[in-house]
Amino acid sequence: MRAVTVILAAVLSSAAANLAQGYQPVVNYQLHCMGCHLADGSGQPGRVPSIRRSLVLFSSLPDGREYVVRVPGVAQSPLSNEDTAALLNWMARNLSDLKVTARFADYSAAEIQGLRDRPLVTVSATRARLLRTAAAKPNSP
């Protein structure tokens with residue numbers, strides 16, 4: 001009986017470790033983002049914004065980073081802080097028309113945790129303000 005208990009504990013521990021790892025960022029994108037932002041990140045005009053030109057651009061601005069994490073789809077995602085950071089970093093490198101430069105700061109789990117508990121209500125107005133700020137900023141990515 002003790003051997004069965006030890007084996008069962010090992011199997012359950014292994015299963016829990018596999019669940020804790022989550023999916024690869026590309027799979028998380030497919031499961032949690034692609035339905036609205038589409039496979040290439042282009043979004044749906046007039047309904048869901050494209051992330052192709054905005055994600056890296058916004059990530060270069062302090063207010064923009066906050067915006068990215070606080071938009072409802074990110075802030076209210078069931079993904080862990082670690083998986084969310086990995087997903088945003090993957091998206092910046094794989095779905096952006098703008099290249100990630102050496103100055104790009106990867107999102108971290110701590111950054112996600114510190115911002116996502118305050119979902120953004122004024123999404124469209126904040127996005128418009130950030131686009132104006134980025135356009136006025138010299139050397140925007």
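## Overall build

Buried residues make up 35% of the 141 residues in the protein chain. The model is predicted. Its protein chain holds 9 helices and 0 strands. Along the sequence, the pattern reads α-α-α-α-α-α-α-α-α.

Take the contacts in the protein chain with a separation of 6 or more. Residues 24 or more positions apart account for 67% of them. The accessible surface of the protein chain is about 8,500 Å². Carbon and sulfur atoms own 60% of that surface.

## Confidence

The protein chain has a mean pLDDT of 86. A pLDDT of 70 or more is reached by 82% of its residues. Residues 4-20 are a weak stretch, with pLDDT below 50. Beyond near neighbours in sequence, that stretch makes 0 contacts in the model.

## Helix H5 and its neighbours

Helix H5 covers residues 62-70. Its buried residues are Gly64, Arg65, Tyr67, Val68, Val69 and Arg70. Two arginines, Arg65 and Arg70, are on that buried list.

Which helices do the buried residues of H5 pack against? They meet H4 (55-59), H6 (72-75), H7 (81-94), H8 (109-115) and H9 (123-136).

## Where H2 crosses H7

Helix H2 spans residues 25-32. H2 and H7 pack at an angle of about 95 degrees. Their axes are 9 Å apart. The angle falls within the 65 to 115 degree range, so H2 and H7 are roughly perpendicular to each other.

From H2, the contact uses Pro25, Val26, Asn28 and Tyr29. From H7, it uses Asp83, Ala86, Leu87, Trp90 and Met91. By class, the contact has 7 nonpolar, 1 polar and 1 charged residues.

## Asn28 in the H2 contact

Asn28 belongs to helix H2 and takes part in the contact with H7. Is Asn28 buried or exposed? Asn28 is buried, because its relative accessible area is 2% and the cut-off for buried is under 20%.

Leave out residues up to four places away in sequence. Asn28 then touches Tyr23, Cys33, Leu79, Asp83 and Leu87. Asp83 and Leu87 are also among the H7 residues in the helix contact. Asn28 and Ala86 sit 58 residues apart along the chain, yet their C-alpha atoms are separated by 9.5 Å.

## The loop between H7 and H8

Two residues from this loop are worth reading together. Arg103 is in the loop between H7 and H8, and Phe104 lies there too. Arg103 is exposed, with a relative accessible area of 64%. Phe104 is buried, at 13%.

Phe104 touches Ser59, Asn89, Ala92 and Arg93, not counting residues up to four places away in sequence. Phe104 and Val56 are 48 residues apart along the chain, with C-alpha atoms separated by 8.0 Å. Arg103 pairs up with Ser60 in a similar way. These two are 43 residues apart in sequence and 8.3 Å apart in space, C-alpha to C-alpha.

## Backbone at Leu38

Where is Leu38 found? Leu38 is in the loop between helix H3 (34-37) and H4. Its phi is near 70 degrees, a positive value in a residue other than glycine.

Leu38 has a relative accessible area of 33%. Buried requires under 20% and exposed over 50%, so Leu38 counts as partly exposed.

Definitions and conventions. Residues numbered from 1 in each chain as written. Predicted model: local features only at pLDDT ≥ 70, side-chain atom pairs only at ≥ 80, totals over all residues. Heavy atoms only, no water. Buried < 20%, exposed > 50% of the residue type's maximum accessible area, 1.4 Å probe, protein only. Helix = DSSP H or I, 4+ residues; strand = E, 2+ residues; numbered from the N terminus. Contact = heavy atoms within 4.5 Å. Axes fitted to C-alpha atoms, helices over the stretch in contact; angles between N-to-C directions. Parallel < 35°, antiparallel > 145°, perpendicular 65-115°, else oblique. Nonpolar A, V, L, I, M, F, W, Y, C, P; charged D, E, K, R; others polar. pLDDT = per-residue confidence, 0-100. Areas by Shrake-Rupley, 256 points an atom, 1.4 Å probe, with all protein chains shown as cover.
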